[in-house]
Amino acid sequence: MATTMKGARLWRCVAVLGFGAACAPNPPPGALYVERRPPPARAEVIGVAPGPGFVWIGGSWRWGGAEYAWVPGRWAAREGRYHSWNPGHWRHARRGWYWVEGRWR
């Protein structure tokens with residue numbers, strides 16, 4: 001019985017993942033597509049926050065037209081009533097890779 005339950009759970013996950021991929025959000029209008037996959041994120045040393053209410057925004061790779069360039073992370077003051085930072089990330093679509101900006105939430 002346990003094996004059957006695990007198998008059913010696995011298929012449900014596969015179905016959800018497959019459906020989720022088909023329902024991925026559309027790229028933003030005017031998105032810049034890059035053919036080459038971005039490199040893995042670099043490990044960063046995160047120092048002490050400069051004060052209360054600051055959030056660490058991790059570094060990321062930016063496309064410079066011919067190659068990727070690393071933009072180091074930084075501390076940022078929280079904006080208004082927001083509590084956390086949803087980091088930006090690279091997403092893949094049929095036309096290539098495009099950047100999704102980070103946002104406060």
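# Close-up views of a predicted model

**Figure 1. Trp 85 and Trp 104 are both buried.** This model is predicted. The two rings form an edge-to-face aromatic pair. Their centres lie 5.2 Å apart, with 70° between the planes. The pair links distant parts of the chain. Trp 85 sits in strand β5 (residues 85-86), and Trp 104 sits in strand β8. In sequence they are 19 residues apart.

**Figure 2. The whole protein has 1 helix and 8 strands.** Read along the sequence, the pattern is α-β-β-β-β-β-β-β-β. The protein has 105 residues, and 19% of them are buried. About 8300 Å² is exposed. Carbon and sulfur atoms supply 60% of that area. Now consider contacts between residues at least 6 apart in sequence: 48% of these join residues at least 24 apart.

**Figure 3. The largest nonpolar core has 7 residues.** Which residues build this core? They are Val 34, Trp 61, Tyr 68, Trp 70, Trp 90, Trp 97 and Trp 99. Two strands, β3 (68-71) and β7, each supply at least two residues of the core. Apart from this core lies another, of 5 residues. Its members include Ile 57, Ala 76, Trp 85 and Trp 104.

**Figure 4. Trp 61, a member of the largest nonpolar core, is shown with its contacts.** Neighbours within four places in sequence are left aside here. What does Trp 61 touch beyond them? Its contacts include Pro 39, Pro 40, Ala 41 and Arg 42. Tyr 68, Ala 69 and Trp 70 are also in contact with Trp 61. Trp 90 and Trp 99 complete the list.

**Figure 5. Trp 56 and Trp 75 form an edge-to-face aromatic pair.** The whole structure holds 7 aromatic pairs. In this one, the ring centres are 5.4 Å apart. The planes meet at 70°, so the pair counts as edge-to-face. How far apart in sequence are the two residues? They are 19 residues apart, and the pair links distant parts of the chain. Trp 56 belongs to strand β1 (residues 54-57), while Trp 75 belongs to strand β4 (residues 74-77). Are these two residues buried or exposed? Trp 56 is partly exposed, because its relative accessible area is 22%. Trp 75 also counts as partly exposed, because its relative accessibility is 26%. A pair of aromatic rings is described by the distance of the centres and the angle of the planes.

**Figure 6. Four aromatic residues form one cluster.** The members are Trp 63, Tyr 68, Trp 90 and Trp 99. Tyr 68, Trp 90 and Trp 99 also belong to the largest nonpolar core.

**Figure 7. Arg 81 lies over the face of Tyr 82.** The distance from Arg 81 to the ring centre is 5.1 Å.

**Figure 8. Glu 101 and Arg 62 form a salt bridge.** Side chains of opposite charge can pair when their charged atoms come close. How close are the atoms in this pair? The closest N and O atoms are 3.5 Å apart. This pair links distant parts of the chain, with the two positions 39 residues apart in sequence numbering. Glu 101 lies in the loop between β7 (96-100) and β8 (103-104). Arg 62 lies in strand β2 (residues 60-63). Glu 101 is exposed, because its relative accessible area is 53%. Arg 62 is partly exposed, because its value is 31%. The count for the model comes to 1 salt bridge.

Notes
Residues numbered from 1 in each chain as written. Predicted model: local features only at pLDDT ≥ 70, side-chain atom pairs only at ≥ 80, totals over all residues. Heavy atoms only, no water. Salt bridge = Lys/Arg side-chain N within 4 Å of Asp/Glu carboxyl O. Helix = DSSP H or I, 4+ residues; strand = E, 2+ residues; numbered from the N terminus. Buried < 20%, exposed > 50% of the residue type's maximum accessible area, 1.4 Å probe, protein only. Contact = heavy atoms within 4.5 Å. Areas by Shrake-Rupley, 256 points an atom, 1.4 Å probe, with all protein chains shown as cover. Core = buried A, V, L, I, M, F, W, Y, C linked by side-chain atoms within 4.5 Å. Phe/Tyr/Trp six-rings, centres within 6.5 Å; stacked < 30°, edge-to-face > 60°. Lys NZ or Arg CZ within 6 Å of the ring centre and 35° of its normal.
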